[in-house]
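Subject: Handing over the two-chain model

Dear colleague,

Here is the structure I promised to pass on to you. Please open it beside this message, and then read on for an account of what was found in it.

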Amino acid sequence: MNEKTEKLIDKKGIRGDGRKVDELRPLKLQVGVLPNADGSAYIEHGKNKILAAAYGPREMHPKHLAQADRMVLRARYHMAPFSVQERKSPAPSRREVELSKVIKESLEPALFLELYPRTGVDVFIEVLQADGGTRCASITAAALAIADAGVPMRDLVVACAAGKVEDQVVLDLYDAEDKLGSADVPVAYMPNLNAITLLQMDGILAPAEFEKAVSMAMDGCKKIYEIQKEALKTKYMVVKETDKEIEE
Amino acid sequence: MPTFFEKKQLVTPGELLAEGDYLPGENTFVENGKIYAERIGLVDSDNKKVNVVALRAFYVPKMGDIIIGTVTEVGFNGWTVDIKSPYTAMLRASDVLSRPFKPQNDELSAVLNAGDLIVAKIASYDRAHDPQLTVGEPGLGKITRGQLLRVTPTKIPRIIGRKGSMISMIKQETNCQIILGLNGVILVTGKTPEEEEVAIQAIRKIEEESHTSGLTDRITQLLKEKKQPPQPEETQQ
């Protein structure tokens with residue numbers, strides 16, 4: 001491959017996959033896709049395809065992990081062996097353990113952990129296909145799954161990344177940009193409370209570029225939030241609409 | 001002190017509902033003097049109180065609630081009961097036996113065994129201790145017959161109806177005894193399986209359509225329709 005010679009952004013400011021610098025990838029969200037889980041969500045973010053299932057609050061197993069004063073949130077991020085070009089070993093890798101922790105910590109501020117002591121909520125995130133920015137898509141889907149399970153939340157959590165490619169700050173990096181670009185800044189955000197719950201940076205950015213990336217990612221989050229909110233409402237709207245048909 | 005919703009509007013967690021001179025009701029919380037929703041549900045305000053009727057929730061035990069549970073384990077001096085809640089309940093042997101309990105004399109599994117269903121009342125519960133149950137009141141105890149169904153616990157008030165209007169109508173029309181466990185488990189006991197089936201269908205319909213208007217009329221209609229089919233058969237004979 002001649003990756004070095006091929007430009008990630010052309011002279012007109014169009015990226016490798018045809019997007020503008022501040023454009024999100026196409027997004028599709030669906031809630032309640034897994035009847036066996038208490039709550040579930042499915043996200044297609046560009047070529048990413050991710051399932052999230054939430055269970056609980058329920059008794060903690062193993063019992064010694066239960067906390068006497070609060071609820072415990074556990075997250076498991078896992079990539080299917082077929083989710084990437086080269087087969088990925090199904091055993092949890094260092095990266096997956098880290099992402100599980102990061103996702104857990106970005107969702108925790110949205111929950112009322114102190115309300116249900118000695119219980120646990122489990123979120124399972126299964127990446128079926130990966131194309132860069134899976135941690136962000138996972139957070140968006142996991143927040144929906146938890147809300148669908150009926151767990152009280154302060155706010156939904158949305159996540160989106162921004163980064164630097166070809167000396168330009170761009171929104172929502174895909175796989176090639178993530179690998180060949182010079183920086184990646186994933187941001188998780190609670191839109192109504194205007195609070196950031198996850199902020200990471202991989203690469204090098206000047207302070208001004210960093211600020212631009214964060215505000216760009218936050219704007220992206222707000223756009224995703226609208227779709228996320230609609231997806232959650234749609235599940236319950238369907239019930240409402242079938243009722244109307246019956247009445248008519 | 002504005003509000004940001006229309007009556008019966010569908011809201012998602014974190015949606016701003018009201019500001020200023022309002023009180024947070026069910027499924028809402030306050031942050032910086034603003035009221036937000038904490039579950040997906042339908043908003044409604046009652047005077048100055050903003051409530052969200054949740055479309056999805058789980059059962060949190062409350063003292064005095066009547067619930068229906070399954071015995072999961074027989075212990076040394078009582079039973080462990082699954083009450084479809086984040087917390088498992090305990091039923092003490094001395095509560096069931098009306099005499100002092102001695103482990104040497106009494107075989108607990110002969111009274112209630114794993115898998116048995118019971119109607120019980122929450123005797124005590126707080127955030128530090130798992131709920132304790134009691135069956136020492138009329139109408140409580142082991143379930144011997146009938147059919148069970150589960151609904152989301154938040155739908156129970158809708159099934160009861162205003163001052164019990166909905167549930168008493170179903171009971172009357174189907175000749176069934178219905179016990180509503182506040183944990184979302186419902187016991188229907190009728191004289192025939194057909195009558196039980198009609199009652200279950202009515203309850204299922206309420207569960208699915210709980211957030212629509214004119215539901216009482218539709219349930220009345222459903223019950224009337226289901227009652228009719230036996231009559232034509234009689235005339236044919």
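In what order do the 4 strands of the open sheet with mixed pairing in chain B lie? The order is β1-β6-β7-β3 in chain B, and the pairing in this open sheet is mixed. At its edges are β1 (10-11) and β3 (23-24) of chain B, each of which pairs on one side only. Please keep in mind as you read that this is a predicted model.

The pairing of β1(B) can be followed in some detail, since 2 bridges join it to strand β6 of chain B, residues 41-46, and the two strands run antiparallel. Within that pairing, B:Leu10 has B:Leu42 in β6(B) as its bridge partner.

To place that sheet in the chain as a whole, chain B has 7 helices and 16 strands, and its C-alpha atoms fill a box of roughly 65 × 65 × 25 Å along the principal axes. The chain is divided into domain 1 (10-54), domain 2 (66-142) and domain 3 (147-228), and the C-alpha centres of domain 1 of chain B and domain 2 of chain B lie 37 Å apart. Of the 237 residues of chain B, 36% count as buried, and among the contacts between residues at least 6 apart in sequence, 53% join residues at least 24 apart.

Moving on along chain B, strand β8 (residues 66-74) is joined by 4 bridges to strand β9 (residues 78-82), and these two strands run antiparallel. They form a hairpin in which 3 residues link β8(B) to β9(B), and within the pairing B:Glu73 has B:Thr80 in β9(B) as its bridge partner. Strand β9(B) is in turn joined by 4 bridges to strand β10 of chain B (residues 89-92), again in antiparallel fashion, with B:Trp79 standing opposite B:Leu91 in β10(B). Between β9(B) and β10(B), which also form a hairpin, there are 6 residues, and B:Lys84 in that turn has a positive phi of about 55°.

Chain B also holds a pair of packed helices, α4 (residues 165-174) and α6 (residues 215-227), whose axes are 10 Å apart and make an angle of about 10°. Why are α4(B) and α6(B) described as roughly parallel? The reason is that an angle under 35 degrees counts as roughly parallel, and the packing angle of about 10° therefore makes α4(B) roughly parallel to α6(B). On the side of α4(B), the residues that take part are B:Met166, B:Met169, B:Ile170, B:Glu173 and B:Thr174, and they meet B:Thr216, B:Ile219, B:Thr220, B:Leu223 and B:Lys227 in α6(B). Sorted by class, this contact has 5 nonpolar, 3 polar and 2 charged residues.

Turning to chain A, there is an open sheet of 5 strands with mixed pairing, in the order β1-β2-β3-β5-β4. Its edge strands are β1 (27-31) and β4 (72-79) of chain A, each pairing on one side only, and neighbouring strands of this sheet are turned by 15° against each other on average when direction is ignored. Strands β3 (residues 48-59) and β5 (residues 119-129) of chain A run antiparallel and are joined by 9 bridges, with A:Arg58 standing opposite A:Gly120 in β5(A).

Two helices pack on this sheet of chain A. Helix α1 of chain A (residues 94-107) touches β4 and β5 of chain A, and its direction makes about 140° with that of β4(A). Helix α2(A), for its part, touches β1, β2 (39-45), β3, β4 and β5 of chain A, and its direction makes about 150° with that of β2(A).

One residue of α2(A), which spans residues 134-148, is A:Thr134. Is A:Thr134 buried or exposed? A:Thr134 is buried, because 25 other C-beta atoms lie within 10 Å, where the cut-off for a buried residue is 20 or more. Leaving aside residues up to four places away in sequence, A:Thr134 touches A:Asn48, A:Ile50 and A:Val127. A:Thr134 and A:Asp175 are 41 residues apart in sequence and 9.7 Å apart in space, C-alpha to C-alpha.

Finally, as to how the chains meet, 26 residues of chain B are in contact with 28 residues of chain A. The side of chain B that touches chain A has 11 nonpolar, 7 polar and 8 charged residues.

With best wishes

Terms used. Residues are numbered from 1 along each chain as its sequence is written. Chains are lettered from A and ligands numbered from 1 in the order in which they are written. This is a predicted model: local features need pLDDT of at least 70, side-chain atom pairs count only at pLDDT 80 or more; totals for chains, interfaces and linings use all residues. A residue is buried if 20 or more other C-beta atoms lie within 10 Å of its own, exposed if 12 or fewer, and partly exposed in between; C-beta atoms are placed from the backbone. Two residues are in contact if their C-beta atoms, placed from the backbone, lie within 7 Å. Domain bounds come from an automatic or database domain assignment. Ala, Val, Leu, Ile, Met, Phe, Trp, Tyr, Cys and Pro count as nonpolar, Asp, Glu, Lys and Arg as charged, and the others, Gly among them, as polar. Two strands pair if DSSP finds at least two bridges between them. Axes are lines fitted to C-alpha atoms, for helices over the stretch in contact, and angles run from 0 to 180 degrees between N-to-C directions. Angles under 35 degrees count as roughly parallel, over 145 as roughly antiparallel, 65 to 115 as roughly perpendicular and the rest as oblique.
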